[in-house]
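Trainee: I have a model on my screen and would like to talk it through with you. Could we take it one question at a time?

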Amino acid sequence: MRRFVIPISYLRLPTFRAQMERVAKEFGFHHVGGLQIPCEEEHFEELLRVLEELRSAKTMKTKT
């Protein structure tokens, strides 16, 4: 397992929320420690990369 630190703003994104719903179904939220995500590490890294691109694009839009 690998630890990831993510921006809290991701929790509002539909894609990330869908992943968290899968976590809730598999593990529940009543455990000690960090959340365990039921997916391959590479898949989660790709999800984070896409979310960061979306966040960056949104930030660029609001600056113009």
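Trainee: Leaving aside neighbours within four places in sequence, which residues is L48 in contact with?
Mentor: Good place to begin, and keep in mind that this is a predicted model. L48 lies in helix 2. Once the neighbours within four places in sequence are set aside, the residues in contact with L48 are F4, I6, Y10 and F16.

Trainee: How far apart in space are L48 and I6, C-alpha to C-alpha?
Mentor: I6 is one of the residues that L48 contacts. Along the sequence the two are 42 residues apart. In space, C-alpha to C-alpha, the separation of L48 and I6 is 8.1 Å.

Trainee: Is L48 buried or exposed?
Mentor: Let's use the cut-off: a residue counts as buried when its relative accessible area is under 20%. L48 has a relative accessible area of 14%, so L48 is buried.

Trainee: Which helix gives the most to the largest nonpolar core?
Mentor: That core has eight residues, namely Y10, F16, M20, V23, F44, L47, L48 and L51. Helix 1 and helix 2, the latter spanning 41-63, each supply at least two residues of this core. With four residues, the one that gives the most is helix 2.

Trainee: Which residues does F44 touch, not counting those up to four places away in sequence?
Mentor: F44 belongs to the largest nonpolar core, and F16 is also a member. Not counting residues up to four places away in sequence, F44 touches F4, F16, I37 and C39.

Trainee: What about Q19: is this residue buried or exposed?
Mentor: Start with its place, which is in helix 1, residues 14-27. Beyond residues up to four places away in sequence, Q19 touches I37, P38, C39, H43 and L47. Its relative accessible area is 5%, and the cut-off for burial is under 20%, so Q19 is buried.

Trainee: Which residues are the closest to the centre of the largest pocket?
Mentor: The largest pocket has a volume of about 570 Å³. Its lining is made of 19 residues, and the closest to the centre are R2, F4, L35, Q36 and I37.

Trainee: How many charged residues are in the lining of the largest pocket?
Mentor: Helix 1 and helix 2 each supply at least two residues of this lining, and helix 1 gives the most, with three. Sorted by class, the lining has twelve nonpolar and three polar residues, and the charged ones number four.

Trainee: And which helix gives the most to the lining of the second largest pocket?
Mentor: About 170 Å³ of space lies in that pocket. Its lining consists of S9, Y10, R12, L13, P14, T15, L51, L54, R55 and K58. The elements giving two or more residues to this lining are helix 1 and helix 2. With four residues, the one that gives the most is helix 2.

Trainee: To finish, what percentage of the residues of the protein count as buried?
Mentor: The protein has two helices and zero strands. It exposes about 5,400 Å², of which carbon and sulfur atoms supply 57%. Of the 64 residues of the protein, the share that counts as buried is 17%.

Conventions:
Residues numbered from 1 in each chain as written. Predicted model: local features only at pLDDT ≥ 70, side-chain atom pairs only at ≥ 80, totals over all residues. Heavy atoms only, no water. Buried < 20%, exposed > 50% of the residue type's maximum accessible area, 1.4 Å probe, protein only. Contact = heavy atoms within 4.5 Å. Core = buried A, V, L, I, M, F, W, Y, C linked by side-chain atoms within 4.5 Å. 1 Å grid on protein atoms, 1.4 Å probe; cavity = no way out; pocket = protein on both sides within 12 Å on 5 of 7 lines; lining within 4 Å. Points joined across faces, edges and corners; volume = space filled by probe spheres on them. Nonpolar A, V, L, I, M, F, W, Y, C, P; charged D, E, K, R; others polar. Areas by Shrake-Rupley, 256 points an atom, 1.4 Å probe, with all protein chains shown as cover.
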